[in-house]
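I opened this notebook page to record what I looked up in the structure. The entries follow the order in which I made them.

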Amino acid sequence: LIMSNDKKSKRLQIDLTPESYERLQFLKQNTECTSFAEVTGRAYTLFELSVKAKKEGKELIIRDPATGKEQIVLI
């Protein structure tokens, strides 16, 4: 973790495997995200939501609207 001059923000530098970088690029290209930072920020939000839901005893479910088939997401 690298501290920036602005005390409100933090700078994080990470090394990604080629596979992880490809996944990051895929997410950026297939969403409305304009930067890798935005992709990771949204990922943190979704992951945090799932962790909180699990702690509350809830389930995260993905439903196919065409078939009604549901899949429980395991964290």
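**Entry 1: Two positions in helix 2**

I began with L49, which lies in helix 2. The model is a predicted one, and I read each entry below with that in mind. I asked whether L49 is buried or exposed. Its relative accessible area is 54%, so L49 is exposed. I then looked up its separation from E32: the two residues are 17 apart in sequence, and their C-alpha atoms are 20 Å apart in space.

I turned next to V51, whose place is also in helix 2, an element made of residues 36–55. V51 has a relative accessibility of 32% and therefore counts as partly exposed, since the exposed class requires over 50% and the buried class under 20%. From the C-alpha of V51 to that of E38 I noted 20 Å, with these positions 13 residues apart along the chain counted as their separation.

**Entry 2: A loop position and a position after the last strand**

I located I14 in the loop that joins strand 2 (10–11) to helix 1. Its relative accessibility of 55% is the reason that I14 counts as exposed. I14 and Q29 are 15 residues apart along the chain, and I recorded 20 Å between their C-alpha atoms.

Where is L74 found? I found L74 in the segment after strand 4 (70–73). L74 has a relative accessibility of 77% and so counts as exposed. For the pair L74 and D64, 10 residues apart along the chain, the C-alpha separation is 17 Å.

**Entry 3: Elements and overall form**

I then listed the elements: the protein has two helices and four strands. Read from the N terminus, their order is β-β-α-α-β-β. The radius of gyration is 16 Å, whereas the globule rule gives 11 Å for 75 residues; the value is well over the rule, so the protein is more spread out than a compact globule. I also noted the span of the C-alpha trace along its principal axes, about 50 × 30 × 25 Å.

**Entry 4: Burial, contacts and surface**

What share of the 75 residues is buried? I recorded 7% for the protein. Of the contacts with a separation of 6 or more, 10% are between residues 24 or more positions apart. The exposed area of the protein is about 7200 Å², and carbon and sulfur atoms supply 55% of that area.

I looked up the charged side chains as well. The protein carries 13 positive and 11 negative side chains. The centres of these two sets lie 7 Å apart.

**Entry 5: Confidence of the model**

Finally, I checked the confidence of the prediction. The average pLDDT of the protein is 90, and 91% of the residues score at least 70. Which element has the lowest mean pLDDT, and which the highest? Strand 1 (residues 2–3) has the lowest, at 49, and helix 1 (residues 18–29) has the highest, at 97.

Technical notes:
Residues are numbered from 1 along each chain as its sequence is written. This is a predicted model: local features need pLDDT of at least 70, side-chain atom pairs count only at pLDDT 80 or more; totals for chains, interfaces and linings use all residues. Side-chain values use heavy atoms; hydrogens and water are left out. The radius of gyration is taken over C-alpha atoms; the globule rule is 2.2 Å times the number of residues to the power 0.38. Buried means under 20% relative accessible area, exposed over 50%, partly exposed in between (1.4 Å probe, protein chains only). Contact means heavy atoms within 4.5 Å. Accessible areas come from the Shrake-Rupley method with a 1.4 Å probe; for residues, only the protein chains shown count as cover. Lys and Arg count as positive and Asp and Glu as negative; His and the chain ends are not counted. The place of a charge is taken as NZ of Lys, CZ of Arg, CG of Asp or CD of Glu. pLDDT is the predictor's confidence in each residue, from 0 to 100.
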